[in-house]
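Open the model in your viewer and keep the selection box handy. We will make a few stops, and at each one you will hear what to select and what is there.

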Amino acid sequence: MSVSQLSASAQNYLKVIWALQEWTGDEATPSQIALRAGVRLSTVSDAVRKLTDQGLVEHAPYGAITLTDAGRTHALAMVRRHRLIESFLVQVLGYTWDQVHDEAETLEHAVSDFMVERIDDHLGHPTRDPHGDPIPTADGQIDVPDAVVLSTVQPGSRVRVERISDDDPALLQHFAEQGLGVGAELEVRAGAPYSEAIEVVLPDGAPSLSLGRSATDAVWVTPVD
């Protein structure tokens, strides 16, 4: 069965459940899903019950919600749609990376499987979207980098930016203005005492940036040898 045969609501919930554990490995709980989806807990409970009846998720009482094999397949199909659409909007239509998330949220429910594959062919089969999130292959394979949140990196480290969360468009705009994007190499320095901030230095003599916790929690990095 194609993911197109599911309702838009089911598509959204499967994608949210996948996204909650993709980078952290954390379990998806009803309260986390409600927060991420912007709905009431009772609404999530009803949706999870329907998804369970469809064989797409498993949910033990008071426990985490996990995707079944079928649920994971459909979740990755939606993730693929979303990230390919974001990539198309940036590379072909000239959107900036802070403008694409909401557009993709709408378009991902309208496109056909055929159009998704045509977009993939046209873009040359990209492996990452504009924010660094990996794009699943057509057969459901996905390669998530072994990255950590910038907030956890020790001063004196050199790191490469692998992914920046797209939850806050204003933060993406700020990063773009400062030249901080996916692939950038940073030198991490200690911030002011008791500030929960760190200093990062970009290459090419750019001035250092002071980033607070809300910014560093949105950036995922890997070490540079």
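## Stop one: helix H6

Start by selecting residues 113-123, which form helix H6, and colour Val116, Ile119, Asp120 and Leu123: these four are buried. Where do they sit around the axis of H6? They lie on the same side of the helix, because the arc they cover is only 100 degrees.

What covers these buried residues? Add residues 69-91 to your selection: this is helix H4, and it is included in what covers the buried residues of H6.

Now turn to the face of H6 that points away from the buried side, and select Phe114 and His122, which are exposed there. Before leaving this helix, step on to glycine 124, which follows H6 and has a positive phi, near 80 degrees.

## Stop two: where H1 and H2 cross

Next, select residues 8-22 for helix H1 and residues 30-37 for helix H2. Their axes come within 10 Å and cross at roughly 110 degrees. An angle from 65 to 115 degrees counts as roughly perpendicular, and H1 and H2 are therefore roughly perpendicular to each other. Their crossing is right-handed.

Which residues make the contact? On the H1 side, show Tyr13, Val16, Ile17, Ala19 and Leu20 as sticks. On the H2 side, do likewise with Gln32, Ile33 and Arg36. If you colour this contact between H1 and H2 by residue class, you get 6 nonpolar residues, 1 polar and 1 charged.

## Stop three: the loop between S5 and S6

For the last stop, select strand S5 (185-190) and strand S6 (198-201), then look at the loop between them, where you will find tyrosine 194. Although tyrosine 194 is not a glycine, its phi is positive, about 65 degrees. Is tyrosine 194 buried or exposed? With a relative accessible area of 86%, tyrosine 194 is exposed.

Then pick glutamate 196, which is also placed in the loop between S5 and S6. Glutamate 196 is not a glycine either, yet it has a positive phi of about 60 degrees. Residues over 50% relative accessible area count as exposed, so glutamate 196, at 57%, is exposed.

One thing to keep in mind as you look around: this is a predicted model.

Technical notes: Residues are numbered from 1 along each chain as its sequence is written. This is a predicted model: local features need pLDDT of at least 70, side-chain atom pairs count only at pLDDT 80 or more; totals for chains, interfaces and linings use all residues. Side-chain values use heavy atoms; hydrogens and water are left out. Helices (H or I, at least four residues) and strands (E, at least two) are DSSP runs, numbered from the N terminus. Buried means under 20% relative accessible area, exposed over 50%, partly exposed in between (1.4 Å probe, protein chains only). The arc is that of the directions from the helix axis to the C-beta atoms. Contact means heavy atoms within 4.5 Å. Axes are lines fitted to C-alpha atoms, for helices over the stretch in contact, and angles run from 0 to 180 degrees between N-to-C directions. Angles under 35 degrees count as roughly parallel, over 145 as roughly antiparallel, 65 to 115 as roughly perpendicular and the rest as oblique. A crossing is left-handed if the near helix is turned anticlockwise from the far one by less than a right angle, and right-handed if clockwise. Ala, Val, Leu, Ile, Met, Phe, Trp, Tyr, Cys and Pro count as nonpolar, Asp, Glu, Lys and Arg as charged, and the others, Gly among them, as polar.
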